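Work through the following exercises with the sequence and the model side by side. Try each task before reading its solution.

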Amino acid sequence: MNAGHVNWVRCVGFSPDGRCIASASDDSSLRLWDAQTQHCLAILQGHTHYVSSVAFSPDSCLVASGSYDNSMCLWDAHSTQCLSTLEGHTGCIYSLAFSPDGRSVVSGSSDGVRFWDTRTWACQTHIEHPSSIYTVAWDSVGKHVATGHDRKVKVWDAETRSLITSLTGHTEDVRSVAFSPDSSVIVSGSNDKTIRLWTHL
């Protein structure tokens, strides 16, 4: 199966084991690709609007997808079956990230941030926010979550879900955040055409 997307591809990601690539598209589908042969393994359909984000679990067994239909779908990466559709957000989901231990997923949306339990798929915490959360990232040790939105990067305690600090300096929306491998530095990218490095703690 070599079927390609028929609209914009908004997000891609490798499985941690390196065997699979997932792609999320405005054609409302998610596709899984063999990383070695580059052949399409499966077309995952369940969303009713643009699929804007995708993330693999640390063990490569699950794929999470977020959409402009305000839902998140959880897929079995091997059988490609939809295991659960998580609803609760009232706006587009822009970004997803699994915790390093695989026990939680954080989702960033136009209505804020939600933390989900991967054992029950219940929403653990909803942090409302006055502006859209365009990007989320978990640090490598599972202690902190970074979010990006209206000119700020915010760092949250992953256990208590409380705000630790707000990092200011960007002059337009923050679209991407990532932690360094040792979790000591955050890098952010913004519509202001700059990237910034932060020593957040």
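**Exercise 1.** Determine what share of the residues in the protein chain is buried, and judge the overall build of the chain.

*Solution.* Buried residues, meaning those under 20% relative accessible area for a 1.4 Å probe with protein chains only (exposed is over 50%, partly exposed in between), make up 51% of the 201 residues in the protein chain. This is a predicted model, in which local features need pLDDT of at least 70 and side-chain atom pairs count only at pLDDT 80 or more, while totals for chains, interfaces and linings use all residues. Residues are numbered from 1 along each chain as its sequence is written, and side-chain values use heavy atoms, with hydrogens and water left out. Next, compare the radius of gyration, taken over C-alpha atoms, with the globule rule of 2.2 Å times the number of residues to the power 0.38: a compact globule of 201 residues would have a value near 17 Å, and the 16 Å of the protein chain agrees with this. Finally, count the elements, which are DSSP runs numbered from the N terminus (helices H or I, at least four residues; strands E, at least two): the protein chain has zero helices and 19 strands.

**Exercise 2.** Find the order of the strands in the open sheet of four strands, and explain why its edge strands have a free side.

*Solution.* Two strands pair if DSSP finds at least two bridges between them, and the order obtained in this way is S5-S6-S7-S8, with antiparallel pairing. Strand S5 (51-56) and strand S8 (82-86) stand at the edges with a single partner strand each, so one side of each has no neighbour in the sheet. Inside the sheet, strand S6 (residues 62-67) is joined to strand S7 (residues 72-76) by five bridges, and Ser-65 has Cys-73 in S7 as its bridge partner.

**Exercise 3.** Describe the lining of the largest pocket by class and by strand.

*Solution.* Begin with the classes, where Ala, Val, Leu, Ile, Met, Phe, Trp, Tyr, Cys and Pro count as nonpolar, Asp, Glu, Lys and Arg as charged, and the others, Gly among them, as polar: the lining has 21 nonpolar, eight polar and three charged residues. Then turn to the strands, of which S1 (9-14), S5, S9 (93-98), S13 (135-138) and S17 (174-179) each supply at least two residues of this lining. Strand S5 therefore appears twice in these exercises, at an edge of the sheet and in the lining of the largest pocket.
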